[in-house]
Amino acid sequence: MIAMSMFIVVLALLLLGIPVAFVFGTVAMAFAFFIPNLGFEVFEVLPFRIFGIMSNTTLMAVPLFIAMGLVLEKSQMAERLLVSMSALFRGVRGGLAVSVILVGAMLAASTGIVSASVVMMSVIALPLMLKAGYDKGLAAGTVASSGTLGQIIPPSIILIILGDVMSVSVGDLFLGAVFPGLLLVGLYIAYILIRAYFQPSSAPVLEHTQDVSAKELFISIVPPLLLMVSVLGSIFAGIASPTESAAFGVVGALLLSLLNRSLNFEMLKYATLETVKLNGMIFMILIGATAFSLVFNELGGSDMILEYFSEDIGNVWVFIGVAMLAIFILGFFIDFIEISFIIVPILVPVMAEFGIDPIWFAVLIAMNLQASFLTPPFGLSLFFLKGAAGDSIKTMEIYKGIIPFILLQLLALGLVVLFPDLVFAFI
């Protein structure tokens, strides 16, 4: 009961908006101090855990992929891609929305940073869709959902974090997430085309698009594709580790920026500072979560949860259902990083007890966490979208437009639960 009280206190403080790293560390220290027969001795192994975190070669890929995404964010690649894609789909009802989804998928495979993708697409694609007469809800839902594809399509930061938390190969996780990511893209496109067919006014034909030459198409589409194939292909082929391919991706992003004539000191300064900020936040949360887990496990929290699911319930499907529902509901209120470091370590021993494949379970969690970016009231993608769109679209229009895409994500999640072979299609 004390362990569960600790868990509830953490969630309550997170909902109050207190910074995550401070919540973990403070709650761990408070419980260690006030609980009899516990004391600060429980933290004796914490320095060794922190050293293990800082020397973890898998986690070294995180700042590199962040840097790659931030460089590409400023390279104007998204704008060129969108112009080219919209020209290809000219004359197709809903074609502009389809091109936004495809560009979002390519950005996801090139950057893996949701915030950068959503802001870019909000600034570039949303005005075009509204000017073309698209329904505001559909436009907002398309932009926000396309930007969140970076959560599931490799190289995803969350897949790297889950690989470390769950002690599984990041390369296998990347391979396992490929088909579910493509499935989600296909569902999005199918929904847009079906809605455009039955509600023509919501997604009109885009006719007044500038012509794009074959040379311009080649320049805008092929380089990011080559970067994507090089980074992911080197991992899938076993030529390079995720960390090595991430370093190669940074070099590739800088070369693309050089080709686009957008490489300058200001861009490098921006990418470097933002990488340090984001990476510092992630690792501070990880260190705080490590302190929390030490106290939580010492109080018997993990053993209690393991006993509850394996003995009291004893049904693997009930466990999967409860785990997915808990993650989905928590995603309404707290960030995916907190969920990864609080909830997932608690679920891992139960997963092992039931003999659940960790790759499949990790992909399920990643798909579920992707929905956390879209679920009101605290979906980060919705905040990014509203902040970039300004007064051109109302908050309630964003909430209304995102609902069908959340349902599509749940449908994709259900299909992966029912057909686990979808995860192992490329492994």
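## Reading a predicted model, feature by feature

Modeller: Let's start with serine 5, which sits in helix α1. Keep in mind as we go that this is a predicted model.

Colleague: Okay. Is serine 5 buried, partly exposed or exposed?

Modeller: Partly exposed, because its relative accessibility is 35%. For a sense of span, take phenylalanine 174, which is 169 residues along the chain from serine 5: the two C-alpha atoms are 36 Å apart.

Colleague: Now the helix itself. How do I read the packing of two helices?

Modeller: The general idea is that a packed pair is described by two things, the angle between the axes and the distance between them. Here, α1 (residues 2-15) packs with α13 at about 150°, and their axes are 9 Å apart. That angle makes α1 roughly antiparallel to α13, since anything over 145 degrees counts that way.

Colleague: Which hand does the crossing of α1 and α13 have?

Modeller: It's left-handed.

Colleague: And which residues of α1 and α13 meet there?

Modeller: From α1 you have Ala3, Met6, Phe7 and Val10, and they meet Phe292, Val295 and Phe296 of α13. Sorted by class, that contact has seven nonpolar residues, with no polar and no charged ones.

Colleague: Let's turn to charged pairs. How many salt bridges does the structure hold?

Modeller: Two. To call one, you look for a side-chain nitrogen of Lys or Arg within 4 Å of a carboxyl oxygen of Asp or Glu. Arginine 195 and aspartate 135 make one of them, with their closest N and O atoms 3.4 Å apart. This pair links distant parts of the chain, 60 residues apart: arginine 195 is in helix α10 (residues 170-198), while aspartate 135 is in the loop between α7 (114-131) and α8 (136-147).

Colleague: Are arginine 195 and aspartate 135 buried or exposed?

Modeller: Arginine 195 counts as buried because its relative accessibility is 19%, and the cut-off for buried is under 20%. Aspartate 135, at 31%, counts as partly exposed.

Colleague: What about lysine 277, which residue does it pair with?

Modeller: Lysine 277 bridges to glutamate 274, and their closest N and O atoms are 3.5 Å apart. Both are in helix α13 (residues 265-298), three residues apart, or about one turn of the helix. Lysine 277 is exposed, with 55% relative accessible area, whereas glutamate 274 is partly exposed at 24%.

Colleague: Loops next. Where does glutamine 151 lie?

Modeller: In the loop between α8 and α9 (157-165). Don't expect every loop residue to be out in the open, though: glutamine 151 is buried, with a relative accessible area of 2%. Leaving out residues up to four places away in sequence, glutamine 151 touches several others, including Val114, Ile158, Phe336, Leu369 and Phe373.

Colleague: Anything to look at in the backbone of that loop?

Modeller: Yes, look at proline 155, also in the loop between α8 and α9. The peptide bond leading from proline 154 to proline 155 is cis, its omega being near 0°.

Colleague: And what is the phi of serine 167?

Modeller: Near 55°, so you're looking at a positive value in a residue other than glycine. Serine 167 belongs to the loop between α9 and α10.

Colleague: Is serine 167 buried or exposed?

Modeller: Exposed, because its relative accessibility is 65%, and exposed means over 50%. Set that beside glutamine 151, a buried loop residue at 2%.

Notes. Residues numbered from 1 in each chain as written. Predicted model: local features only at pLDDT ≥ 70, side-chain atom pairs only at ≥ 80, totals over all residues. Heavy atoms only, no water. Helix = DSSP H or I, 4+ residues; strand = E, 2+ residues; numbered from the N terminus. Buried < 20%, exposed > 50% of the residue type's maximum accessible area, 1.4 Å probe, protein only. Axes fitted to C-alpha atoms, helices over the stretch in contact; angles between N-to-C directions. Parallel < 35°, antiparallel > 145°, perpendicular 65-115°, else oblique. Left-handed = near helix turned anticlockwise from the far one by under 90°. Contact = heavy atoms within 4.5 Å. Nonpolar A, V, L, I, M, F, W, Y, C, P; charged D, E, K, R; others polar.
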